[in-house]
Each structure stands twice: as structure tokens, then as C-alpha cells.
Amino acid sequence: MMWRKNSNKHLTRMSTRKKVHAFVRVRPTDDFAHEMIRYGDDNKTIDIHLKKDARRGVVNNQQTDWSFKLDGVLHDASQDLVYETVAKDVVSQALDGYNGTIMCYGQTGAGKTYTMTGTTENYKHRGILPRALQQVFRMIEERPTHAITVRVSYLEIYNESLFDLLSTLPYVGPSATPVAVVENPHGVFIKGLSVHLASQEEDTFSLLFEGETNRIIGSHTMNKNSSRSHCIFTIYVEARSRTLSDEKYITSKINLVDLAGSERLGKSGSEGRVLKEATYINKSLSFLEQAIIALGDQKRDHIPFRQCKLTHALKDSLGGNCNMVLVTNIYGEAAQLDETVRARPVRPWDPATWLQGWGG
């Protein structure tokens, strides 16, 4: 078989025909495993080859080759290209009433938070979240015939407990109401979570900065400032016509989810508090996979959303009319590939599994 490395110029933005999309973003490295990672000519497949472990003896049935088909492989991709490819259409359709969810998944240090939030040191390195906020307010300016209201919230899920990352704002004040997921006839909402009106782009950036300051991080063998929790930044959009009184009142929300890093406990060497965190993280990601697979099974009457706080909080933004995008962040180094592809009892990192569960 002939292999050749392809550029990202062949990537296309997500179409509106398909509700679920999966992309892989490979973290740039000077030690890229060219002999072990190959991309298809269409830049929509990634093949990984691992050498057999000689320590297993002569009779060795170890799997050495994996092939995944995706909507796109982002290798050496700029933040601009990532946003155009995976997020722009999701945000655009939110003003037409479609909920959207964009998730960044991957092992610790693979670039999830960089993809979702970016850095503040360089404007061009801003991530999906700040770019989405900018796009929402640009779209509002382009629709003067509509009155559009924007609100935001920032939820953190740490060890299966819910925290409001914006509760430290002076005007929020202390609340005796614990944060909890609640369902009513209109859908799912987070009781006790503060939701903040944003009349301009700068307001949302201030709220984002406040929430980022309050996130729980911890030292990890693979990342000194590892995110040890799942974080969901939600943009709520309400739109109505200024001129047509009988036009539909449109509401939607965009969930931008930075999932906590997932890796085998043996690889990370976690112990004590970090071990407890990792256990909760892996368990919730396993439940997320189970919910997605159940959604793709037409014979299933029950979807296990309530198994964990993550799936329960996102219940009305998974499946149905929701636009769902998964960005799987992986390392391109040989030393990290066993974590990317090694079989485990549950594999939420596997794009093929996610797509199968969604019927993609």
C-alpha cells in the first residue's frame, strides 16, 4: 500500500445533512510517528500501526493495525481552520433554533483545552469558545430585523458534583440552592446555576475569563496544569422578529464542552486525590459512550441519561435536532499511541464507536 501525508486543504466544513460529526486533531510535535500514523488521501481516515510486543512470546495475537473513518483529520491545523471546519455551522444554525454541542475529548495534555479555549497570549491562538462568542454577536448585527438575546452559563462537573464557575461574581451572591440537574416539561435545566445576560461581546469574554479562573486543575504526570473536571460553557440564544408579531419565537443553546483528560490509571501513575479524580472521569466518559450507543440503537426504548451528571446535563443536546460534533485530540508521538488505540472495556475515544452509536 502506498502512503502519503496529506495537507488540510482537502478538509470541508460540516454539511447540514448529517447531525453528528467526528474529527481528530493531532497535537503538533517534532517527534511525529510517521511510520505509525498515516492519513488517507481524502484526509478523512487515519490508520495506526503498532509493532507487536516481543515480550508476549511467539504466539502473539496482539492487534497491530487500526483504521478509523472520520469527517476530517486535522493535522498541523491552525485555530482558524479548526473553527471553520468543526464549529462555524453549528453556531450558525443555533439562530435557526437548533441546539448544538461541541465536545473536545482526549487524553491529558493532548490539546483539548487549547482547542476549546485557546490561549490569551496570542489573539490568533484563541479557541473554539471565544470564536463562537464572536460569531454569535456578528450574526446578531447581520439580523437587525430580529431582537436577539444572549445569555451564558459556565458549569463544572468535578467528582460527580456540580459547581457554578460564575458564582464568585459579586452580583450573584451566595445561594442556598445546591446546583442540580432538573427536568420539566420544557426540557432539562440546571437548578442553582447562574445564567448571565450579555448585551455585547465584551461581556461574554469577561464571564469566560471569570469562569476559567475558577476551574479546578491539578498537577499530572502528563500535564502540570491538567483540567480535572468536565466544563460546559453554554450560550443561550432567544430570537424574535421585531416586525412580525406572529413569527415563531426561537430559542436554542450551544454547549461547548471541555471534557476532562482520560487515560488508563496505570499509565498516568495516579494515586490519592488524583486517582479518585481519574476514576470519576473515566466512569462518566464510559456512561457518555453508553448513552450515545443507546441513542443509535433504534430498538432501545430507554436511554441511560441519568447514569451520570454529564449525560443528564446534556440530555436535550444529544441526538434529536441537535448538531453534535466530537473533536478527539490525540498525540502524534510513538510513546503515546498505545493510549490512543489500545483496547479497553469501553472506548469513548474511538471515533468509529461514537459514529456507530450515532448511526453515522
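**Figure 1. Cysteines C308 and C104 in the predicted model.** In this predicted model, C308 counts as buried, because its relative accessibility is 2%, below the 20% under which a residue is called buried. C104 is buried as well, with a relative accessible area of 0%. The structure holds zero disulfides, so no pair of cysteine sulfur atoms lies within 2.5 Å.

**Figure 2. The protein chain as a whole, as a setting for the close-up views.** The protein chain has 360 residues, and buried residues make up 53% of them. Its secondary structure comes to ten helices and 16 strands. When contacts between residues at least 6 apart in sequence are considered, 73% of them join residues that are at least 24 apart.

**Figure 3. V26 in strand 1 and the residues around it.** Strand 1 covers residues 20-27, and V26 is found in this strand. With a relative accessible area of 2%, V26 is buried, because that value is under the cut-off of 20%. Which residues does V26 contact, once its neighbours within four places in sequence are left aside? They are F32, Y39, V73, L74, H75, D76, I330, Y331 and G332. One of these contacts, G332, is 306 residues from V26 along the chain, yet the C-alpha atoms of V26 and G332 are separated by 5.9 Å.

**Figure 4. F32 in the loop that follows strand 1.** F32 is found in the loop between strand 1 and strand 2, the latter being residues 37-39. The relative accessible area of F32 is 10%, so F32 is buried. Leaving aside neighbours within four places in sequence, F32 is in contact with V26, I37, Y39, H75 and G332; V26, for its part, also has Y39, H75 and G332 among its contacts. A further link across the sequence is seen between F32 and E333, which are 301 residues apart along the chain while their C-alpha atoms are separated by 5.1 Å.

**Figure 5. Helix 4 and its covered residues.** Helix 4 runs over residues 128-141, and because each residue is taken to add 1.5 Å, its 14 residues should span 20 Å, which agrees with the 20 Å between its end C-alpha atoms. Is helix 4 mostly covered or mostly uncovered? It is mostly covered, since twelve of its 14 residues are buried, and a residue is called buried when its relative accessible area is under 20%. The buried residues of helix 4 are I128, L129, P130, R131, A132, L133, Q134, Q135, V136, F137, M139 and I140.

**Figure 6. The crossing of helix 1 and helix 4.** The axes of helix 1, residues 79-86, and helix 4 come within 10 Å and cross at roughly 60°, and the crossing in which helix 1 passes helix 4 is right-handed. Where the two helices meet, helix 1 brings Q79, D80, V82, Y83 and V86, and helix 4 brings I128, R131, A132 and Q135. By class, this contact of helix 1 with helix 4 has five nonpolar, two polar and two charged residues. The helix 4 residues of this contact, I128, R131, A132 and Q135, are also among the buried residues of helix 4.

**Figure 7. T204 in helix 5 and its contacts.** T204 lies in helix 5, which covers residues 201-214, and at 0% relative accessibility T204 counts as buried. Not counting residues up to four places away in sequence, T204 touches L133, F137, V152 and A198. Of these, L133 and F137 appear among the buried residues of helix 4.

Terms used
Residues numbered from 1 in each chain as written. Predicted model: local features only at pLDDT ≥ 70, side-chain atom pairs only at ≥ 80, totals over all residues. Heavy atoms only, no water. Buried < 20%, exposed > 50% of the residue type's maximum accessible area, 1.4 Å probe, protein only. Contact = heavy atoms within 4.5 Å. Expected span 1.5 Å × (residues − 1). Axes fitted to C-alpha atoms, helices over the stretch in contact; angles between N-to-C directions. Left-handed = near helix turned anticlockwise from the far one by under 90°. Nonpolar A, V, L, I, M, F, W, Y, C, P; charged D, E, K, R; others polar.
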